[in-house]
Amino acid sequence: MSSNRRRVPLVLAAACAVAGALALAPAAHAVAPLAVTATYDCGTWGKGQATLTAADSGTAKTIKITSSAITMPAGTTADPNSITTTLKLTRTSGGVTSEVQFSGKTNPGMSGGNPITLGPLKLTSGTLAAGDSTDSKVLSAPPSGTNWSLQIVASSPTSATVPCVATALQSAPHVW
């Protein structure tokens with residue numbers, strides 16, 4: 001009997017610790033809309049529509065990019081997680097605009113002619129608060145090493161740096 005009495009406080013303490021940790025954990029926030037389309041010119045990798053899918057877990061804000069219009073050129077390949085991608089977006093907060101960047105090295109294996117799948121890319125530069133919106137950073141063509149809204153750097157086994165420019169605003173801004 002006395003051993004059961006000792007266990008009850010331990011069980012209660014463990015339950016309280018778990019409840020406290022859950023209460024302090026950051027809540028996931030809804031991004032609306034979750035997926036939008038944007039148009040990019042990526043030179044030899046193609047030009048056209050891409051889907052940007054956003055997520056906010058409460059601890060990380062991410063965007064995943066997929067496109068069947070933008071593809072790896074014929075004869076090239078990319079190993080899994082061998083492409084560093086950086087996406088520049090315009091952030092609007094309280095009427096003030098600035099730039100934020102999402103970046104990461106997450107991709108499936110891809111080969112020439114395959115649609116691109118990049119990310120999820122994490123917010124790496126700038127901040128986003130509830131109610132802030134992000135939209136394409138539209139730049140004039142042609143894309144270059146200093147003129148880009150999206151940069152794709154493949155490293156294995158094909159090496160290439162591919163600058164892309166957004167040619168129009170997104171179908172709708174993401175509201176965080």
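**A predicted chain, its core and Asp132**

Trainee: Is Asp132 buried or exposed in this predicted model?
Mentor: The cut-off for buried is under 20% relative accessible area. Asp132 has a relative accessible area of 4%, so Asp132 is buried.

Trainee: Where is Asp132 placed?
Mentor: Look past strand E8 (115-125). Strand E9 covers 133-136. Asp132 sits in the loop between E8 and E9.

Trainee: Which side chain makes a polar contact with the side chain of Asp132?
Mentor: Asp132 touches several residues beyond four places in sequence, among them Thr92, Ser93, His174 and Trp176. A polar contact needs N or O atoms within 3.5 Å. At 3.1 Å, the side-chain partner is Arg91.

Trainee: How many strands does the chain have?
Mentor: Read along the sequence, the pattern begins with α and continues in β. The chain has one helix, and the strands number 12.

Trainee: Which residues touch the most other members of the largest nonpolar core?
Mentor: This core has 31 residues. Elements giving two or more residues to it include strands E1 (35-41), E3 (61-71) and E5 (83-93). Ile65, for one, touches Leu52, Leu87, Ile116 and Leu150, among others. The residues touching the most members are Tyr40, Trp45, Ile63, Ile65, Leu87, Phe102 and Ile152.

Trainee: Over which residues does pLDDT stay under 50?
Mentor: The chain averages a pLDDT of 88, and 84% of the residues score at least 70. One stretch has zero contacts beyond four places in sequence, and its pLDDT stays under 50. That stretch is residues 10-25.

Note on methods: Residues are numbered from 1 along each chain as its sequence is written. This is a predicted model: local features need pLDDT of at least 70, side-chain atom pairs count only at pLDDT 80 or more; totals for chains, interfaces and linings use all residues. Side-chain values use heavy atoms; hydrogens and water are left out. pLDDT is the predictor's confidence in each residue, from 0 to 100. Contact means heavy atoms within 4.5 Å. A nonpolar core is a set of buried Ala, Val, Leu, Ile, Met, Phe, Trp, Tyr and Cys residues joined through side-chain atoms within 4.5 Å. Buried means under 20% relative accessible area, exposed over 50%, partly exposed in between (1.4 Å probe, protein chains only). Helices (H or I, at least four residues) and strands (E, at least two) are DSSP runs, numbered from the N terminus. A polar contact is a pair of N or O atoms within 3.5 Å; within protein, one must be able to donate a hydrogen and the other to accept it, and residues adjacent in sequence count only if both atoms are side-chain atoms.
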